[in-house]
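Q: Please take a close look at one part of this model and describe how that part packs against its surroundings. A long, connected account would suit me better than a list.

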Amino acid sequence: MTLYTSDEWSLRYRRLERSGIGHFLGALFLIFFGAVYERFSHEVYSYHMLYAFAWPLVLGVLPCLVLTFQRARRLPSLLALQCWGAGIWTLAVGSLVRGALVIYGTDHPWLWIYSVLGALLLGAGAMIYGLERS
């Protein structure tokens, strides 16, 4: 195991912090979006759309908080954070699209792509983080 220089560790720590804040702000936006939509939807809504905020909150904010408050010795690189974040937002957008189609009263056979692509991106981010030496 190699030790970080203080500048590299500080840079990765700031990236992790900014990533967590970005996911939190995105989750707040999705909460606001769901609340406004529910208010003006004439009681036609979808749980996929209302709970789309859970993806960035659970998969984005929570891991960032755990790594930050644990003072982890190994922090994810930029590539790992970007893959993980892309997976989170792919799942959130897929949830919004699925919710819009459910509200419209239809379905599409290709909606599974969001779930598979999101899971692949999350897996790639986790694998990159796991394989990093420093």
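A: Contact here means heavy atoms within 4.5 Å, and that cut-off is what lies behind every statement below that one helix packs against another. The model is a predicted one, and the part chosen for the close look is helix H3, residues 54–69.

The setting comes first. The chain has five helices and zero strands, so that from the N terminus on its elements run α-α-α-α-α. Its C-alpha atoms fill a box of roughly 55 × 30 × 15 Å along the principal axes, and of the 134 residues 32% count as buried. Among contacts between residues at least 6 apart in sequence, 84% join residues at least 24 apart.

Turning to H3 itself, its 16 residues should span 22 Å at 1.5 Å a residue, and its end C-alpha atoms are 21 Å apart, which agrees. The buried residues of H3 are Pro-56, Gly-60, Val-61, Cys-64, Leu-67 and Thr-68, and these pack against H1, H4 and H5. Their positions can be read against the helical repeat: an α-helix has 3.6 residues a turn, so residues three or four places apart point the same way. After H3 comes Arg-71, whose phi is positive, near 55 degrees.

The packing of H3 against H1 can be taken up next. Two packed helices are described by the angle between their axes and the distance between the axes. For H1 (residues 6–39) and H3, the axes come within 9 Å and cross at roughly 150 degrees, which makes H1 roughly antiparallel to H3. The crossing of this pair is left-handed. On the H3 side, the contact is made by Pro-56, Leu-57, Gly-60, Val-61, Cys-64, Leu-67 and Thr-68, while H1 contributes Tyr-13, Leu-16, Ser-19, Gly-20, His-23, Phe-24, Ala-27 and Leu-30. Sorted by class, the contact of H1 with H3 has 10 nonpolar, five polar and no charged residues.

The packing of H3 against H4 can be described in the same terms. The axes of H3 and H4 come within 8 Å and cross at roughly 165 degrees, and the two helices are therefore roughly antiparallel to each other. H3 passes H4 in a left-handed crossing. From H3, the residues in this contact are Trp-55, Pro-56, Leu-59, Gly-60 and Pro-63, and from H4 they are Trp-84, Ile-88, Trp-89, Leu-91, Ala-92 and Ser-95. By class, the contact of H3 with H4 has nine nonpolar, two polar and no charged residues. Pro-56 and Gly-60, which are listed among the buried residues of H3, take part in the contact with H1 and also in the contact with H4.

The two partners of H3 meet one another as well. The axes of H1 and H4 come within 11 Å and cross at roughly 5 degrees, which makes H1 roughly parallel to H4. In this contact Arg-15, Leu-16, Ser-19, His-23, Gly-26, Ala-27, Leu-30, Phe-33 and Tyr-37 of H1 meet Leu-78, Leu-81, Gly-85, Ile-88, Trp-89, Ala-92, Leu-96 and Ile-103 of H4. Its residues divide into 12 nonpolar, four polar and one charged. Several residues recur across these lists: Leu-16, Ser-19, His-23, Ala-27 and Leu-30 of H1 meet H4 and also belong to the contact with H3. On the H4 side, Ile-88, Trp-89 and Ala-92 meet H1 and also belong to the contact with H3.

H4 (residues 78–104) has 27 residues and reaches 39 Å from its first C-alpha to its last, close to the 39 Å expected at 1.5 Å a residue. Its buried residues, including Ile-88, Leu-91, Ala-92 and Ser-95, pack against H1, helix H2 (47–50), H3 and helix H5 (112–131). Gly-105 follows H4, and its phi is positive, near 95 degrees.

One last detail concerns the stretch of chain ahead of H3. In the loop between H1 and H2 lies Glu-43, whose phi is near 60 degrees, a positive value in a residue other than glycine. Glu-43 is exposed, with a relative accessible area of 72%. Ile-31, which lies in H1, is partly exposed with a relative accessible area of 37%, and from C-alpha to C-alpha Ile-31 and Ser-46 are 14 Å apart in space at a separation of 15 residues in sequence.

Note on methods: Residues numbered from 1 in each chain as written. Predicted model: local features only at pLDDT ≥ 70, side-chain atom pairs only at ≥ 80, totals over all residues. Heavy atoms only, no water. Axes fitted to C-alpha atoms, helices over the stretch in contact; angles between N-to-C directions. Helix = DSSP H or I, 4+ residues; strand = E, 2+ residues; numbered from the N terminus. Parallel < 35°, antiparallel > 145°, perpendicular 65-115°, else oblique. Left-handed = near helix turned anticlockwise from the far one by under 90°. Nonpolar A, V, L, I, M, F, W, Y, C, P; charged D, E, K, R; others polar. Expected span 1.5 Å × (residues − 1). Buried < 20%, exposed > 50% of the residue type's maximum accessible area, 1.4 Å probe, protein only.
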